[in-house]
Amino acid sequence: MTISGHDTTTEPRNTRRRTRSPHLPGDIDMWVMVLGDLFFFGCYFVVYMGFRARAPQAFAQAQQHLNIGIGVTNTIVLLTSSMFIALGVIEARHGAIASARRLVLAAAACGLLFTVLKAYEWHHEISNGFTVSTEFFSFYYVFTGIHLAHLLLGLLILGRVVRELRASGKQRVSIVEQGALFWHMIDLLWVVIFAVLYLM
């Protein structure tokens with residue numbers, strides 16, 4: 001209804017902008033899994049700090065044998081993969097399925113590169129005699145090994161995301177969001193592992 005050419009509707013003007021209500025990406029099951037993993041790693045970090053506090057010089061000396069260049073490179077690789085997967089979610093939400101699929105594949109390629117670099121680093125350390133015989137390297141192999149296992153699981157999840165984006169029917173953005181959520185957790189864990197093992 002208008003009077004003298006003016007809109008007199010009682011509905012607020014900004015109501016039309018609320019086209020989409022905010023929601024938590026992914027689903028509750030994925031969040032439980034992610035938070036459970038973060039709790040597990042958090043407890044193990046506390047254990048590591050306790051052992052390091054008992055022998056700080058021995059830990060610091062062993063730490064000098066890590067290849068900081070590979071650690072930095074792997075950090076950049078995973079942060080780049082996080083950017084790709086985040087952009088992929090945005091593209092999927094806007095219906096740009098082909099672009100979203102390419103971005104998810106790019107994130108997966110970064111994950112594969114990380115795996116190759118980590119395998120090379122392990123081979124280099126073991127070849128030089130740095131095995132689980134010392135406390136520091138025991139923690140190093142457990143931390144990086146469990147993280148790598150999560151990364152390989154993440155690659156399988158990204159494969160499921162790509163399959164969803166290739167489906168002929170309507171693609172479910174929630175599947176893409178769940179894959180991105182798990183992948184971001186992997187990246188976050190690596191940043192903490194890198195800081196604790198390589199930089200501390």
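In this predicted model, glutamate 121 is buried, its relative accessible area being 0%. A charged side chain in such a place invites a look at its partner, and the partner here is lysine 118: the two form a salt bridge in which the closest N and O atoms are 2.6 Å apart. Lysine 118 is buried as well, with a relative accessible area of 1%. Both residues belong to helix α4 (residues 97-127), where they are three residues apart and therefore separated by about one helical turn. An α-helix has 3.6 residues a turn, so residues three or four places apart point the same way.

The count of salt bridges comes to four, and another one can be followed along helix α5 (residues 135-166). There the side chains of arginine 160 and glutamate 164 meet at 3.3 Å, N to O. These two are four residues apart, which again means a separation of about one helical turn. Their surroundings can be read from their accessibility: arginine 160 is partly exposed, at 33% relative accessible area, whereas glutamate 164 is buried, at 7%.

A further salt bridge links two helices. Glutamate 177 and arginine 93 meet through their side chains at 2.9 Å, N to O. Because glutamate 177 lies in helix α6 and arginine 93 in helix α3, the pair ties together parts that are 84 residues apart in sequence. Glutamate 177 counts as buried, with 6% relative accessibility, while arginine 93 is partly exposed, with a relative accessible area of 35%.

Helix α6 itself deserves a closer look. It runs over residues 173-199, and at 1.5 Å a residue its 27 residues should span 39 Å; the C-alpha atoms at its ends are 38 Å apart, in agreement with that expectation. Of these 27 residues, 19 are buried, so the helix is largely enclosed by the rest of the structure.

Helix α5 offers a second point of interest in histidine 150. This residue counts as buried, at 13% relative accessibility, which falls under the 20% cut-off. Its side chain reaches the backbone oxygen of isoleucine 146 at 2.8 Å. Leaving out residues up to four places away in sequence, histidine 150 touches Asp37, Phe41, Phe182, Met185 and Ile186.

Alanine 62, found in helix α2 (residues 56-63), gives another view of the interior. It is buried, with a relative accessible area of 12%. Apart from neighbours within four places in sequence, alanine 62 is in contact with Phe136 and Phe137. Alanine 62 and phenylalanine 130 are separated by 68 residues in sequence, yet their C-alpha atoms are 8.6 Å apart in space.

Turning to the surface, Ile68, Val72, Ile76 and Leu199 make a nonpolar patch of about 350 Å². Helix α3 (residues 68-93) supplies the largest share of this patch, with three residues. Valine 72, one of the patch members, is found in helix α3 and is partly exposed, its relative accessible area being 34%.

Technical notes:
Residues are numbered from 1 along each chain as its sequence is written. This is a predicted model: local features need pLDDT of at least 70, side-chain atom pairs count only at pLDDT 80 or more; totals for chains, interfaces and linings use all residues. Side-chain values use heavy atoms; hydrogens and water are left out. The expected span of a helix is 1.5 Å times one less than its number of residues. Buried means under 20% relative accessible area, exposed over 50%, partly exposed in between (1.4 Å probe, protein chains only). Contact means heavy atoms within 4.5 Å. Patches are made of residues with over 30% relative accessible area and no salt bridge: like charges are joined within 9 Å, nonpolar side chains (Val, Leu, Ile, Met, Phe, Trp, Tyr) within 5 Å. Accessible areas come from the Shrake-Rupley method with a 1.4 Å probe; for residues, only the protein chains shown count as cover. A polar contact is a pair of N or O atoms within 3.5 Å; within protein, one must be able to donate a hydrogen and the other to accept it, and residues adjacent in sequence count only if both atoms are side-chain atoms.
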